[in-house]
Structures are given as structure tokens and as C-alpha cells.
Amino acid sequence: MGAGSLLLPSLPAFSRTVAPEALLEPGLDVSVKKRLADAALNAAKSKGATYADVRIGRYLNQFVITREDKVENLINTESFGVGVRVIADGCWGFAAIVDARSETDMAKAAEKAVSIAKANATLMKTPVQLAPQKGFGEVSWKAPIKTNAFEVPIKEKADLLLTANSAALKNGANFVNSQLFLVNEQKYFASTDGTYADQDIHRIWPTFTVTAIDPKTGKFETRQALSAPMGMSYDYLQANPTDKITGITTRYNMGYDILEDITAAAKQAKQKLSAKSVEAGKYDLVLDPSHTWLTIHESVGHPLELDRVLGYEANFAGTSFATLDKWESKNFQYGSKLVNFFADKTQPNSLGAVGWDDEGVETQRWDLVKDGILVNYQAIRDQVHIIGETHSQGCCYADSWSSVQFQRMANVSLAAGKTPLSVAEMIKDVEKGVYIIGDGSFSIDQQRYNFQFGGQLFYEIKNGQIVGMLKDVAYQSNTREFWNSCVAVCDQRDFRLGGAFFDGKGQPMQSNAVSHGSTTARFKGVNVINTARKI
Amino acid sequence: MTILTEAEAKALLTKVLSYSKADECEVNLLSEERGNLRYARNEVSTSGSVTNRNLAVQSAFGKRVGVATIDEFDDASLEKVVRRSEELARLAPENPEYVGVLGPQQYLKANGFFDSTASISSADRAAAAGKSLTLTRDANLVGAGFLEDSYGMRAMMNSKGLFAYYPSTNVNFSLTVRTPDGRGSGYVTRGYSDFTKLDTSSATRIAMQKAQASADARALEPGKYTVILEPTAGAVLIENIYADLDARSADEGRSYFSKAGGKSRLGDKIVDDRVTIYSDPTNPELPASPWSGDGRPQEKTMWIEKGVVKNLAYSRYWAQKTGRKATPYPGNLIMLGGNSSLEDMIRTTPRGILVTKLWYIRPVDPQTMLYTGLTRDGTFYIENGRIKFPIKNFRFNESPIIMLNNLDALGKPERTVSTESFSNHLIPPMKIREFTFTSLSDAV
């Protein structure tokens, strides 16, 4: 179909396609944004709101999509508008308007939000209890990027992907699809608490899939990129040698070498065609951070979202096994004593890093699981009283000015081991194991007990040595059993981020980007299944 | 807001095309309004409405193609978007797969627009949700639901004289009811084009019944079982066959529909004789647009007929390259069934499992179309033709192809909503032998 931008449902509503140059135009001056925001805040208060916040958002996306020697699609979109959220008569109300430029527009949106709040209040039994938040005055935060990818000519970006595709084809791939996703959120937040936060957030994700086919058997195998989506910009594609982790295959930290990775991927996809099919059974798993991020995301990040615990997501994403009584007991063993999970919205170069969340709370780092014990959740201002806190941890986010902000996952990471341990030393101790690199198939139940994960690369470990490649591997476990089977965690030298660029939640669904860090970790006696079937 | 009539859409698109200086120009128009109401813990949590309109202009100079979109429809903006698409086309590399726009086409008549849905007000939404909330509150159960309606139109016109217009409406309702102690959970979903067909009270009673009946679930050993999949459970597996219908991937050797030696499974018998899956925009129970996004007519098309692969979906480029008919991707999914009711199917089952919903379906191996996922919100053990007790949820690893080879019986098709894609499909309840459950889940 002709409408290129309509092909990607994850684009924010009201995005319009623009010329690439338009993405470099400056947004509204901060003084204009403050004037507009004040107009909305004042209108809300005058109509009876006891609290109001305004988000003036300009969201830029650029996606470059290629296959083999062709650029399939170039997408440039810009979305600009305002969302106003209020509490009136004890109830939330929200209204959004596209392309708001005048104080009159702002006042209208605020008035609509108040009228919706008052209408909804008639159905409400328990008024909103909003944790107090001090105002920060006029503040700003900017992602620490070196090269703005939007300023790099489109041709250079397309050429990079086409050169990578060519390297894949030269090294044995039959097909290759590659994409570069770039996002810039320019967000201005203001609230009746007295915060005016101007923030500039960048995200990048270079990724690919190479496919190798054996025409004789009709079998095919793929290998996806070992890149991570990052809260960075074009600097992520300018890798230094120190960003590379060498070993059975090269992995990446704060810089990514797509040409090197795609060359390896093409060879490995071919190698997979003749790799040994795994024998189902119990294995020790050695999981690389390029894989573990997704297991953390699904089995730790989601179940420790307080809205899920309380039942607000019961009809779609589900609830959580990590119920309040388990947290209150102060002795719920989520994982082994080596397992420490922390949430951190200040983590440098992470997808979730910002200065203030979407309800004016300064971001922070806090513990979720300490020495294996469940100690906290991720919450927002209208929830924290339920867990006895007086201050929100800053987990509020909306994916667009047109979406109402709600509780979203912070960056959640597995802390590095405190004792020095390298990956090589870890593998030496494994008698029968599988070393998994990269994320693959994933599925978990609605309360986050039972899960199944695949990967990109699987290597068999026998008596402390990697002996060859495996395929058809997936592991099944139960969250608590799995994290309690964690017997070794490598030290900080191996700490890397992975992440989700498009994490869906809510009805209507909103997208969130979030990073998860870890070092290589070992899990004892995990159930591995063989996924090959005969038809 | 009111959406554009056919005459208004035609006038607007004609005006847009009048600004074009490109070799070829094609314009797609969308105008829609969506409303929703969400509730959880027996309280309304959020509600909203969104108006969306969008015009996409595709200009081509030779094989250089550019697309620009806009949401403002004044003359200056319309001319600007045409110019921008032309600038982007001039900057774009040649697209060797661009095959030009289509000439005028004939379309079937499909009726997917109902005034009842187009005129839903926030009060109607509140009333529909209110009926559901009253029932769950009165029964001391906990309801979390979502009601979402939409009405809108799509139209397209191009410089070769093609014009297409299709207005449609839809309403989806879903509800999860849980017991206050969290030991039981039931789900229901309904999707209609016509809002008057939505009865949130009767739907709510089904979810309530499942919530109450699923408490105190017992654990069965994982393994191969005869299962009866209610339409909502079956839909999420069957729709993945559709997702794989791309002829190019099959010809390229990288899908389930590929075969050794560079061939595809077109013409092969892949599942039980009783399996027929087709699309038809004129189906009165599941109307769909009679044209695809690039203006190709959507006809009644057999995809799998009596177990045999009859068609694969071709882009116009791939059809031209391979000398095949350019059959577009289907606009709806209809699976034929039998006449037996779900109750009949249970009655004739000596030992089996009733699955009412499947969740978190993800591909595991594309070569065999192997998927994993879990049962959710009401799974029951059947013995000697009767539901004996609720059972704990299972994880499955199964291929819809293997499943449809192990077909035991089909019931009467129903319109249901996929819990993965939110698309509406017509799917029968299915009784399947040897469905593979691989582990137990404690989730309720």
C-alpha cells in the first residue's frame, strides 16, 4: 500500500510523515512552552482541578528499512501536541489536542480534562490519593549523546545498512533484512506542583535478521543482531575496541559494530543448519546479558509493577504472583542470595533514562530484590501509599502527548556479582550445560510464574569446555525456581545492557522502551526442551 | 465528527490529484473516530476518544517513489503534501519492485457500516459497562473490562482512474472476572460490526461463571491430551496460519509453506479434509473491505480448501515476477465448521480438556509453525462427556498444522476476537487429539 507510515502500528497517533530535514527543525522555545503550559494549568485550577499536569510533546521517528540490496522504506514522522491531566472531584481526567499553539487551545484542553474528571467522578467510589511532590522550578535534562543520528544524512544511514547486507550475503546468508530505528522525544512537563521540566530523549536500535537456507532439505535458520536498543544516538554505531566483548562470538557494550556482527551472523546461521539438535533434559544454563535482559524483563520487571499486582491490568497483561503479602512478609525468597535486582531510571545510555518522569518525579535508583528477598515494587504517585511510601519512585510514562501517562517499567537490572568472576571461569565449572547468547522466542503466563525462552546462539558445554553449537533449544522454568537456581553471577567487568524498544501494555496499548542490564549468570539444572517437530 | 461520505471523499481526492505533477500519483484517505472505556477492580479506570484523519500521497517518477502524509485538509495543506511526496520521490533511490498503480477496478459490495455503532455516545459506553459492573459487584466478583468502538472510512484514488471507498464500524468488548481471593478467573470477548448485537450482561455472566467454576483447580500431568478449543482459544492459533501466507517467503524457502528443492506447498494437502479456511468481504457476519490497501479487489478466496493449500498471497511485484495471479492478503478469516454445539462436543468426549482461552502465543520454530503459549482464565477437565473439575493452566508447544491434522470434530463457527491481534474472526470450536502440553503453570 502507498501509505508508508501506516504500516507500523507502533507509531504514535497523529504522526505525520515529514521530509527528513523537518526533523532537524527546532521545536517551540522553552519560554513559549512555559507560557502555554501555564495557560492550561491556570485554566484547570480555575475550573476546579486540585492538581493538573501538562505535557507538550514533539515526537520524532526515523526508520530505515532494507532487504538485501534495496531500501524498502524510509519513514520520517513528526507528532506534536499536548496532553492535560487533572484531578477534579477526586478523579482523574485527561484530554489531548493535536498541534496546540495558543493559550486558548491549552485552556480548552484543560477544561475538557476537568469536565471528563467530574463526569467520571460520579462512578467513582475511592478518590485518587496522590503522593505529594515538591516542585523543581524550571529544569532541563538532555540525553548525553555525541552525534545526533537525525543529523546524519539519510543516505549514509541507508548505505551503512546496505553495506552490512552485502557483507551478510558475501558470507553465506541467502537473505538479509536490516533496520535502523531512531527516536527523539522532546518533552516539556509542567504541573501545579511547580515543576517545568524540558527534556530531550534519544533512542537508537540498529538490528537485522539473516537467513540461511539449505535448498536440498528445505530447512532454514536465522540469526538476529546482537545489538541492543539504547538510549543513545549515532555514537552507538561508532564502536571502540573497548566496547567489544570477545569470546565464542563478539558481543557489544556501549558501541556496536554492525559490519562485524552481521558477518559473524551469516556464518553462524549457516553453521546452525548442521548444528546438533539438543537432547532434552536438565542442563546448567550460562546466560549472556544479550539474552538475560528478556528473562529479567518478563519474570522480574513485569511482575513487580504495582498496577499489575493490584489488578489494574487483569483484563489484558495480567496480574502478578508477587502479591503484597509476599512483600509484607519481608522473607519472600525471589531468588538465591546472589540475586539482587535494582530499578534505575538514571542509568547512563539506558532506554528508560530521564531526569523527571511524566508526573514530575525526579528519577532515582532503588532495590527491588536484595540478597534474594523481595523488597519493593515499581509505582507511581497515586499508588505509593498502598506500599507505605510517601514518595513515588518515578515510573510514570506515556508514549505520546495523546496518551494518558500510567505506570510503566523502569530499567530493571540484575546487579553484578560481588566476587571477581569472569565468563571463562564460570564456564570452567560447568559439567553439562548450554551457553545461550541473544534473545529469541519468549512466552510467560499472566501472573509471571511459568516461562519459556529461546535464543540466537546455543553452545554445548561439557566438562568445562564449549564443545560445539546446538540448535532447537528452549528452556522452561518457573520464575521463583529459576532465580533461586542462580549459582553464579559474573562481576561488573561483564555488565551490559539489553532492552525492549517496543514494550506493549495497557488498553488501548502503549509502547515503552526499557533497558535491562546484567552480567553473565549461571543457573543450575534448568529444564531444556527440544523444539524440532516433524510434519 | 462525521466521516466523509463517498461523494465528499471523491471530491477531496480529485482535488488532491489535481495538484500532482508526478508520472503517477495515488492517494489514500483515512477518517475515523475511536472511543473506549476501561475498568478494573470494579471501578472505571480510564476513558477516552480519539479522532484520527490522515491523507497519504504516493508520487512516482519512473521507479522513484515518495510518500508523504498529512492530517490537515485545507487547500494549501493538500497542495503542500503533494509537493512533499514529489520531493521525496525525487530524492529516493529507484525501487526496482515498483510496479505502478492499478487502473479502475470492480469491487464486491460489502456492508460493514452500522449506524448503531457509529452513533455510540460516552453515555452508551458507560451504560454497557455499567451493566457488567453491576453484575460483578453484586456477585462479589472483581471485573476488569475494556469496551472499544470505532467508526470510519477509507478511500483511495489514483492518477489511472481507480477509486475505492469503504466505511466500516466495529465494537470489541472484553472482560476478565476474578474471584476476590484470586483463585478463579474467567474471560469473555465479543466483537461486532453492529453495536445492537452487543449484550454485555450475557457476556459478563459467562465470564462470571468461568471465574467461579475455575476456582480450586487441580493439577494434571503435562502431556498429550484431547482438547476442545473454544473459538477464542482456537483463533489465536489459526490466525498464525494466515500470517504465514506470503508467497514470496514460501518461494524463497523461508516459511512453513516452503518445500525442499525451492518449491512451495501450494496445491499440497497439509491438514485434515474437513479444514476449509477462506476470506470473503461480503460475509454478513464478518464483513470486510472489498479492496486491499493498494486497490486490488478482495474476492472470496479459498486459502485452505478440504485440507489443500489453494492460494498464497502475492504482492503485485512477486506475482508479476512469478507469473501468478496477484491475490492480495485476505481481509478476514472464516473457517468452516460443523453443526454440533460446544455442549455436544463435550458430551462426546470420554477424556479431555476444555480450553477457553490461550495467552502469550509466540513463534518457536517457523519451519514447522511451532508456537508456544499458555491456557488462561478457565481450563477444565472432561470425563465421560461431562466437565469434572477445573485444572491448573498448562504451557503448550504445538503447531496449528499438526493440530489440524489431529482434528477430531468441528463445531458451529462463531465470531470472536483474537486476544493477540484483536482482529475479529469466524472460528468454530475444535476438538483436537494429542494436543501437546509441556509444563504446568500456577497462574490463575
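**View 1. The crossing of helices H3(A) and H4(A) in the predicted model is right-handed.** Helix H3, which spans residues 154–170 of chain A, packs against helix H4, residues 258–273 of chain A, at an angle of about 30°, and the two axes are 8 Å apart. Because of this angle, H3(A) is described as roughly parallel to H4(A). On the side of H3(A), the contact is made by A:Leu160, A:Thr163, A:Ala164, A:Ala167 and A:Ala168, while H4(A) contributes A:Ile258, A:Leu259, A:Ile262, A:Thr263, A:Ala265 and A:Ala266. Sorted by class, the residues of this contact are 9 nonpolar and 2 polar, with no charged residues.

**View 2. Helices H4(B) and H5(B) also cross in a right-handed manner.** Here helix H4 (residues 122–138) of chain B packs with helix H5 (residues 200–213) of chain B at an angle of about 35°, and their axes are 8 Å apart. The residues of H4(B) that take part are B:Ala128, B:Ala129, B:Lys131, B:Ser132, B:Leu135 and B:Thr136, and they meet B:Thr200, B:Ser201, B:Thr204, B:Arg205 and B:Met208 of H5(B). When the residues of this contact are divided by class, 4 are nonpolar, 5 are polar and 2 are charged.

**View 3. A non-glycine residue with a positive phi, B:Asn140, lies in a loop of chain B.** The loop that holds B:Asn140 runs between H4 and strand E4 (142–158) of chain B. The phi of B:Asn140 is about 55°, a positive value, although this residue is not a glycine. Most residues other than glycine have a negative phi, and most peptide bonds are trans.

**View 4. A cis peptide bond joins A:Gln507 and A:Pro508.** The omega of this bond is about -5°. A:Pro508 is found in the loop that links strand E26 (496–505) with strand E27 (510–518) of chain A.

**View 5. Chain A and chain B touch through 53 residues of chain A and 70 residues of chain B.** On the side of chain A, several strands give two or more residues to this interface, among them strand E3 (70–88), strand E7 (195–214), strand E8 (219–224) and strand E24 (473–478) of chain A. The largest share of the side of chain A that touches chain B comes from E20(A), which gives 3 residues. By class, this side of chain A is made up of 25 nonpolar, 21 polar and 7 charged residues.

**View 6. Two spans of chain A and one span of chain B carry domain annotations in UniProt, each from an unreviewed entry.** In chain A, the record assigns residues 52–117 to "domain: Metalloprotease TldD/E N-terminal", and this span is 23% helix and 65% strand, with its end C-alpha atoms 11 Å apart. The record also lists residues 281–528 of chain A as "domain: Metalloprotease TldD/E C-terminal"; over these residues the chain is 14% helix and 36% strand, and the end C-alpha atoms lie 5 Å apart. In chain B, the annotation "domain: Metalloprotease TldD/E C-terminal" covers residues 222–438, where the chain is 18% helix and 35% strand and the end C-alpha atoms are 5 Å apart.

**View 7. The pLDDT of chain A has a mean of 93, and 96% of the residues of this chain reach 70 or more.** Over residues 1–14 of chain A, however, the pLDDT is below 50, and this stretch has 45 contacts in the model beyond near neighbours in sequence.

Conventions: Residues are numbered from 1 along each chain as its sequence is written. Chains are lettered from A and ligands numbered from 1 in the order in which they are written. This is a predicted model: local features need pLDDT of at least 70, side-chain atom pairs count only at pLDDT 80 or more; totals for chains, interfaces and linings use all residues. Axes are lines fitted to C-alpha atoms, for helices over the stretch in contact, and angles run from 0 to 180 degrees between N-to-C directions. Helices (H or I, at least four residues) and strands (E, at least two) are DSSP runs, numbered from the N terminus. Angles under 35 degrees count as roughly parallel, over 145 as roughly antiparallel, 65 to 115 as roughly perpendicular and the rest as oblique. A crossing is left-handed if the near helix is turned anticlockwise from the far one by less than a right angle, and right-handed if clockwise. Two residues are in contact if their C-beta atoms, placed from the backbone, lie within 7 Å. Ala, Val, Leu, Ile, Met, Phe, Trp, Tyr, Cys and Pro count as nonpolar, Asp, Glu, Lys and Arg as charged, and the others, Gly among them, as polar. pLDDT is the predictor's confidence in each residue, from 0 to 100. UniProt positions are given in the numbering used here, feature names are shortened, and annotations may be inferred rather than shown by experiment.
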